[in-house]
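Thank you all for coming. I would like to take a few minutes to walk you through a structure that you may not have looked at before.

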Amino acid sequence: MTVDTAPPVIHDVFEGSLDDPDFQSEDSSLTLSWDAVDDLSGIISFSYTVGTIPGDADVVPWVHNWSDTTTNITGLSLENGTTYWGSVAAFDSAGNSSVFTGNGITIDRTPPETGLVLDIS
């Protein structure tokens with residue numbers, strides 16, 4: 001008999017895409033993706049949240065996600081210049097859990113400044 005007291009390991013949480021960009025211009029949706037393992041009893045489900053402070057749930061409350069490792073959250077009103085952090089909780093069949101927070105993504109709706117191109121040939 002093996003007793004599993006080890007929590008699942010969440011390796012990464014990516015906000016925006018698997019490229020984990022620092023910025024996105026989209027202000028009405030956010031994609032979260034993550035990578036997690038539990039070699040002893042296996043992961044049975046995940047939950048996710050989004051907040052304006054790492055680990056907080058002030059934008060999207062905790063949502064149970066079963067076994068999917070990617071979700072696209074729509075219907076949001078994300079503010080320009082604000083950084084949002086996704087957090088994921090993993091639960092294994094022995095009752096252990098762990099939480100991991102991504103490195104954040106900032107909403108940038110500001111267009112780039114127009115520059116000049118000089119042809120000196």
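I will speak about aromatic rings to begin with, and then about a patch on the surface.

Please keep in mind throughout that what you see is a predicted model. The structure holds two aromatic pairs, and I will take them in turn. In one of them, the ring centres of Trp34 and Phe46 lie 5.6 Å apart while their planes meet at 65°, and because that angle is over 60 degrees, the pair counts as edge-to-face. Trp34 belongs to strand β3, which covers residues 29–37, and Phe46 belongs to strand β4, which covers residues 43–51, so this pair ties together parts that are twelve residues apart in sequence.

Trp34 also pairs with Tyr48, and here the arrangement is tilted, with 6.4 Å from centre to centre and 35° between the planes. Tyr48 lies in strand β4 and Trp34 in strand β3, so the parts tied together by this pair are 14 residues apart in sequence. Taken together, the ring pairs link Trp34, Phe46 and Tyr48 into a cluster.

Are these rings buried or exposed? Trp34 and Phe46 are both buried, with Trp34 at a relative accessible area of 5%, and Tyr48 is buried as well, at 8%.

Let me now turn to the surface, where Leu116, Leu118 and Ile120 make a nonpolar patch of about 460 Å². Leu118, one of these residues, sits in the segment after β9, the strand of residues 105–107, and with a relative accessible area of 70% it is exposed.

Definitions and conventions. Residues numbered from 1 in each chain as written. Predicted model: local features only at pLDDT ≥ 70, side-chain atom pairs only at ≥ 80, totals over all residues. Heavy atoms only, no water. Phe/Tyr/Trp six-rings, centres within 6.5 Å; stacked < 30°, edge-to-face > 60°. Helix = DSSP H or I, 4+ residues; strand = E, 2+ residues; numbered from the N terminus. Buried < 20%, exposed > 50% of the residue type's maximum accessible area, 1.4 Å probe, protein only. Patch = residues over 30% accessible without salt bridge, like charges linked within 9 Å, V, L, I, M, F, W, Y side chains within 5 Å. Areas by Shrake-Rupley, 256 points an atom, 1.4 Å probe, with all protein chains shown as cover. Salt bridge = Lys/Arg side-chain N within 4 Å of Asp/Glu carboxyl O.
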